[in-house]
Amino acid sequence: MKRFRNKWLLLALVLVFLVTAAGCGGGNQPKQGQGGQKFAGVTIRFLASNHPYPEAIKSLIPEFEKQTGIKVNMESYFEDQLTQKLTVELTSGSSTVDVFMTRPLQEGRLFSKNNWYQPLNSYINDANKTPASWNWGDFPKSTVDAVTFNNNINAIPLVTEWEMLFYRKDLFEQAGLKPPTTLEELEAAAKKLHNPSAEMYGIVSRGQRGAAVTQFSSYLYEYGGDFIKNGKAVIDSPEAVKALQYYGRILHDYGPPGVTNMSWPQAQALFASGKVAMWTDASTLLSGLLDPNKSKVADKVGLAPFPAGPAGFKPYNVVPWAVAISAQSKNKDAAWEFVKWLSSPEVMKKAQLAGNTTSRASIWNDQEVLAKLHPGLADIAKKTSPVAVPYDRPLMTAVGEARDAIGDVIVKAIETGGAGDIAAAAKEAAAKVDALLQKAGENK
């Protein structure tokens, strides 16, 4: 009888242990919720840029939450603030970020070097986690290369963008002008349409230090210049100096007051307010000009390819934003569900219809998308892509510091109308970039 009682006592203790263990899974473990939600009860933290893509999909997130049971806490920051915040948090080693938007050309090398990205190869290649319908093969090779470092796929490309010309159709018609096809014609049109006494300015582009570098890049390439060649800065080459002088002159002579304090939000707002005739910037910013609630010129926006320069037609075409999972995330599977959804064909199509220029090839062949695209956008995309330069800034680890050094020269060029000693300023910037390349062992 004693042996029988001991047997039942042991069985009872085992049952108690199992029940206790089931209830002690800890914090943010997935639970089976209503409708079979695998991740019910899980919360993820998503750091986004103040960019048209997250703006376009923000209203769709409750649908994702309902489908999966995952709660998404989204935070939005301006691009440099986002990079700074991520850098501080991830350096600490105790970040609570699960998913974040990232700029492969800006911070990709640094984040990869520090192992802050969770490689996504295993998720993409796992049929149980990623259905064939998600279709990684839908992303063009150039976009895949942009987010791949040392054979690790570190992010999923969300948008592609190229520099192009936004212009006021009504003003061009009134002045008897056609959209400029060369930089010479661009300057002539800016001069003709510039009327500051009526608060109408001929042209705007970014003039704010480091932020200006990416949009200056197309001017640089079309003058025959570049940022780096064979591990050495060439921003002081004769071609680069001529590009700096041109950029400084047109923004000084025909740009708005305070242009050296303008990045894309300020330039976009100025164009949308009806106070500028032309704007050269990224294609993905079109949506902010077409919303009649935000733009006074929503029905007057014309599009044209970036005007060709002395060295020909070679604007940039890049992957400016991708979405990644933090290597420090404690919710990686749930984070992948969100990344997969955020970059799915269905969501990406909605983002494209909202005005973004997205990265999936199939989106650009979708008849519904083509029917609703702003006139000329698809044609410009097809013209630009085959000949474009695939980067819009120096390709290096310390890209932020390099952009600031080059941005200083751009600011000086604008402030002096291109008439200052730009060659000397460019030489000084090149020396700073060379020192950064040498420090990182990238001067080879």
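Let's start with a group of rings: Phe216, Tyr219, Tyr223, Tyr246, Tyr247 and Phe306 come together as one aromatic cluster. Keep in mind as you look at them that this is a predicted model. That cluster is part of a broader pattern, since the count of aromatic pairs comes to 24.

One of those pairs is worth zooming in on. As a reminder, a pair of aromatic rings is described by the distance of the centres and the angle of the planes. For Trp134 and Trp136, the centres are 6.0 Å apart and the planes make an angle of 0°, so the pair counts as stacked, the label for planes under 30 degrees apart. Are these two tryptophans buried or exposed? Trp134 has 4% relative accessibility, so Trp134 counts as buried. Trp136 comes in at 19%, and the cut-off for buried is under 20%, so Trp136 counts as buried too.

Stay with Trp134 for a moment, as its ring has a charged partner. The charged end of Arg360 sits over the Trp134 ring, 5.3 Å from the ring centre. So Trp134 takes part in a stacked pair with Trp136 and also has an arginine over its ring, because Arg360 meets the rule of lying within 6 Å of the ring centre and within 35 degrees of the ring normal. You can find another charge over a ring at Phe313, where Lys383 lies over the face at 4.9 Å from the ring centre.

Now step back to the whole chain. The protein chain has 444 residues, and 54% of them are buried. Its secondary structure includes 19 helices and eleven strands. Measuring along the principal axes, the C-alpha trace spans about 105 × 50 × 35 Å.

Is there any enclosed space in there, and how many cavities of 30 Å³ or more does the structure hold? The structure holds one, and the largest cavity contains about 150 Å³ of space. Its lining is made of 16 residues, and the closest to the cavity centre are Glu79, Glu161, Arg206, Pro320 and Trp321. Two elements, α10 (209-222) and β11 (317-325), each give two or more residues to that lining.

What kinds of residue face this space? The lining of the largest cavity has seven charged residues, five nonpolar and four polar. The lining also brings two domains together: domain 1 (43-160 + 319-385) and domain 2 (162-317 + 395-440) each supply at least three residues to the lining of the largest cavity.

Note on methods. Residues are numbered from 1 along each chain as its sequence is written. This is a predicted model: local features need pLDDT of at least 70, side-chain atom pairs count only at pLDDT 80 or more; totals for chains, interfaces and linings use all residues. Side-chain values use heavy atoms; hydrogens and water are left out. On a 1 Å grid over the protein atoms alone, a cavity is a set of points where a 1.4 Å probe fits but cannot get out, and a pocket is an open set with protein on both sides within 12 Å along at least five of seven lines; lining residues have an atom within 4 Å of a point. Grid points are joined across faces, edges and corners, and a volume is the space filled by probe spheres set on the points. Helices (H or I, at least four residues) and strands (E, at least two) are DSSP runs, numbered from the N terminus. Ala, Val, Leu, Ile, Met, Phe, Trp, Tyr, Cys and Pro count as nonpolar, Asp, Glu, Lys and Arg as charged, and the others, Gly among them, as polar. Domain bounds come from an automatic or database domain assignment. Rings of Phe, Tyr and Trp (its six-membered ring) pair if their centres lie within 6.5 Å; planes under 30 degrees apart count as stacked, over 60 as edge-to-face and the rest as tilted. Buried means under 20% relative accessible area, exposed over 50%, partly exposed in between (1.4 Å probe, protein chains only).
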